[in-house]
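Trainee: Got a minute to go through this one with me? I'd like to get the fold straight before I look at the details.
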Amino acid sequence: MATPNKVAAVEEITKDFQESNAAVLTEYRGLTVAQLKKLRRSLGTENKFSVVKNSLTAIAAKEAGVDAFDGQLAGPTAIAFIKGDAVAAAKSLTDFAKDNKQLVIKTGFFEGKALDASAVAALAALESRELQLAKVAGILKAPMAAAARTIDALRLKLEEEGGAPAAADAPAAEEATAQEAVAPAEAPEAPAAAEAPAEEN
């Protein structure tokens with residue numbers, strides 16, 4: 001008969017499964033309390049590394065619709081419930097396992113798909129979400145910077161060309177003034193032409 005404590009434990013594990021986008025099943029035989037604490041810190045505050053009982057976890061996984069751990073629940077078991085960046089969490093787990101051979105990564109799931117140990121390692125080898133975002137930001141920033149440089153260069157060119165016509169128009173203005181000055185001197189020739197017929201009389 002299930003005790004209230006066991007019912008509560010199953011409910012908690014079920015909830016952890018349902019709220020996680022990924023989970024990794026591990027065996028932690030031989031790890032000290034200090035080592036487990038260090039591992040939890042490396043996973044960050046968004047994720048949870050829980051030591052669980054296999055029988056209760058099997059019930060919780062079934063209730064949550066998770067079949068990735070079928071046949072894998074044996075020995076001292078702990079599960080990393082990942083609610084944040086799955087790639088970063090998988091990297092933390094695999095890095096810790098390299099330095100602490102007592103931690104064995106057995107299987108997992110990511111967005112509903114089962115992962116074996118090699119798939120978890122492959123997930124860890126991917127770029128983290130933060131790095132991906134940083135690269136995207138860099139890609140977006142580069143064209144903007146290039147556009148800004150192009151616009152600034154165009155502005156400078158227009159400013160330079162805007163001053164050139166005024167300088168070019170100066171000689172033309174001087175020439176027009178000179179022509180206007182000459183025009184009155186030539187005006188008296190018109191009456192002389194008009195007086196020619198009078199001389200013929």
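Mentor: Sure, let's talk about confidence, then the sheet, then the helices and one odd turn.

Trainee: What are we looking at, and what does the pLDDT average over the protein?

Mentor: It's a predicted model. The protein averages a pLDDT of 79, and 69% of the residues score at least 70.

Trainee: Which elements have the lowest and highest mean pLDDT?

Mentor: Strand β3, residues 77-82, has the highest mean at 96, while helix α7, residues 189-200, has the lowest at 46. Residues 164-188 have a pLDDT below 50, and that stretch makes zero contacts in the model beyond near neighbours in sequence. For residues 190-201 the pLDDT is also below 50, again with zero contacts beyond near neighbours in sequence.

Trainee: OK, on to the sheet. What's the strand order?

Mentor: β2-β3-β1-β4-β5, an open sheet of five strands with antiparallel pairing. From one strand to the next, the twist averages 20°.

Trainee: And which strands stand at the edges?

Mentor: β2 (48-52) and β5 do. Each has a single partner strand, so one side of each is left without a neighbour in the sheet.

Trainee: How many bridges does β2 make with β3?

Mentor: Five, in the antiparallel sense. If you want a register point there, Ser-50 stands opposite Ile-79 in β3.

Trainee: What about β1 and β4, how many bridges join them?

Mentor: Six bridges join β1, residues 22-27, to β4, and the two run antiparallel. Glu-27 has Val-104 in β4 as its bridge partner.

Trainee: Is β4 mostly covered or mostly open?

Mentor: Mostly covered: five of its seven residues are buried.

Trainee: Switching to helices. Which strands does α1 lie across?

Mentor: Helix α1, residues 4-19, lies across β2, β3 and β4, and runs at about 40° to β3. Helix α2, residues 33-43, packs on the sheet too, touching β2 and β3, and its direction makes about 145° with that of β2.

Trainee: How do α1 and α3 pack, angle-wise?

Mentor: At about 50°, with the axes 8 Å apart; α3 covers residues 54-64. That angle makes α1 oblique to α3. The crossing of the two is right-handed.

Trainee: Which residues make that contact?

Mentor: On the α1 side they include Ala-9, Val-10, Ile-13 and Phe-17. From α3 they include Leu-56, Ile-59, Ala-60 and Ala-64. There are polar and charged ones as well, among them Lys-6 of α1 and Glu-63 of α3.

Trainee: Last topic, that odd turn. What do β4 and β5 form?

Mentor: A hairpin with two residues between them. Four bridges join the two strands, which run antiparallel, and Phe-110 stands opposite Lys-113 in β5.

Trainee: And where does Glu-111 lie?

Mentor: In the loop between β4 (104-110) and β5 (113-116). Glu-111 has a positive phi of about 50° although it is not a glycine.

Trainee: Why would that catch your eye?

Mentor: Because most residues other than glycine have a negative phi.

Trainee: Is Glu-111 buried or exposed?

Mentor: Exposed, with a relative accessible area of 60%. The cut-off for exposed is over 50%, so Glu-111 meets it.

Notes:
Residues are numbered from 1 along each chain as its sequence is written. This is a predicted model: local features need pLDDT of at least 70, side-chain atom pairs count only at pLDDT 80 or more; totals for chains, interfaces and linings use all residues. Side-chain values use heavy atoms; hydrogens and water are left out. Buried means under 20% relative accessible area, exposed over 50%, partly exposed in between (1.4 Å probe, protein chains only). pLDDT is the predictor's confidence in each residue, from 0 to 100. Contact means heavy atoms within 4.5 Å. Two strands pair if DSSP finds at least two bridges between them. Axes are lines fitted to C-alpha atoms, for helices over the stretch in contact, and angles run from 0 to 180 degrees between N-to-C directions. Angles under 35 degrees count as roughly parallel, over 145 as roughly antiparallel, 65 to 115 as roughly perpendicular and the rest as oblique. A crossing is left-handed if the near helix is turned anticlockwise from the far one by less than a right angle, and right-handed if clockwise.
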